[in-house]
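Take a look at the protein below. This report starts with one residue and then widens the view.

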Amino acid sequence: HDPDRSSIRHIEMPPLTISGDIDALMQFVRENRIDVVVVTFPYEAQERIHQLVMKLRVLPVRIHICSGPISYELDKSEVVDLGGIPMLQIVDRPLEKGGWLVKAVEDILVASLALVLTAPLLLLIAVAIKLESPGPVLFVQARGGFNGRTFRMYKFRSMRDLRDPQGNLLPDVQRLTRFGKFLRASSLDELPELFNVLK
């Protein structure tokens, strides 16, 4: 059933309880130790299922579909058995059974090596940014990450701080520096994100 539709949200379905909409479900998953979310619809409702799965896939859970023969344009799916019922597993739970430790070690080693190898380049870019325009070398911004968690994104600054008489920032195209344009075109402005990998 679709808890986002108000016409059925308050229907009693013993022994089941309808507790809220999809946002409430996502909050519940984040606050509790949930392993699997099962989406169940008639197979004709493919577009609705697609929308729900795309919203739910940011959660650190497995997502199963119990919905008949559906073709999906998402991740590779496999048929799994859940309580004797065959379902499509659309999204797997990330990094289980020690996989997180392997991934953490790999990330630290690769990011550390990359930072050591690119250190001279990082220094040259930082100097070039300071020479072209005043201001910080890094652009730092809060971004939304996996499972709704925010993180601080680091990039090399590619724009200058130019404002109109009212104090409003001018459009990006006017603030982009010549060296900043090169950094963006070459994606070198993203090198500081290696620090995020270490963090």
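## One residue: E190

E190 counts as partly exposed, because its relative accessibility is 37%, and partly exposed means between the 20% and 50% cut-offs. Keep in mind that this is a predicted model.

Where does E190 lie? It sits in the loop between α6 (178-186) and α7 (193-198). Now compare its position with that of M153. The two residues are 37 apart along the chain. Their C-alpha atoms are separated by 9.4 Å.

## The overall build

The protein has seven helices and six strands. Along the sequence, they follow the pattern α-α-β-α-β-β-β-α-β-β-α-α-α.

The protein has 199 residues, and 27% of them count as buried. About 13,500 Å² is exposed. Carbon and sulfur atoms supply 59% of that area.

Next, consider contacts between residues at least 6 apart in sequence. Of these, 52% join residues at least 24 apart.

## Two nonpolar cores

How many residues does the largest nonpolar core have? It has 13. The residues with the most contacts inside this core are V39, L56, L59, V61 and I63. Four elements each supply at least two of its residues: α2 (22-31), β1 (36-40), α3 (46-56) and β2 (62-66). The largest share comes from α3, which gives four residues.

There is also a second, separate core. This one has eight residues, including L122, I125, F156 and L183.

Terms used:
Residues numbered from 1 in each chain as written. Predicted model: local features only at pLDDT ≥ 70, side-chain atom pairs only at ≥ 80, totals over all residues. Heavy atoms only, no water. Core = buried A, V, L, I, M, F, W, Y, C linked by side-chain atoms within 4.5 Å. Buried < 20%, exposed > 50% of the residue type's maximum accessible area, 1.4 Å probe, protein only. Contact = heavy atoms within 4.5 Å. Areas by Shrake-Rupley, 256 points an atom, 1.4 Å probe, with all protein chains shown as cover.
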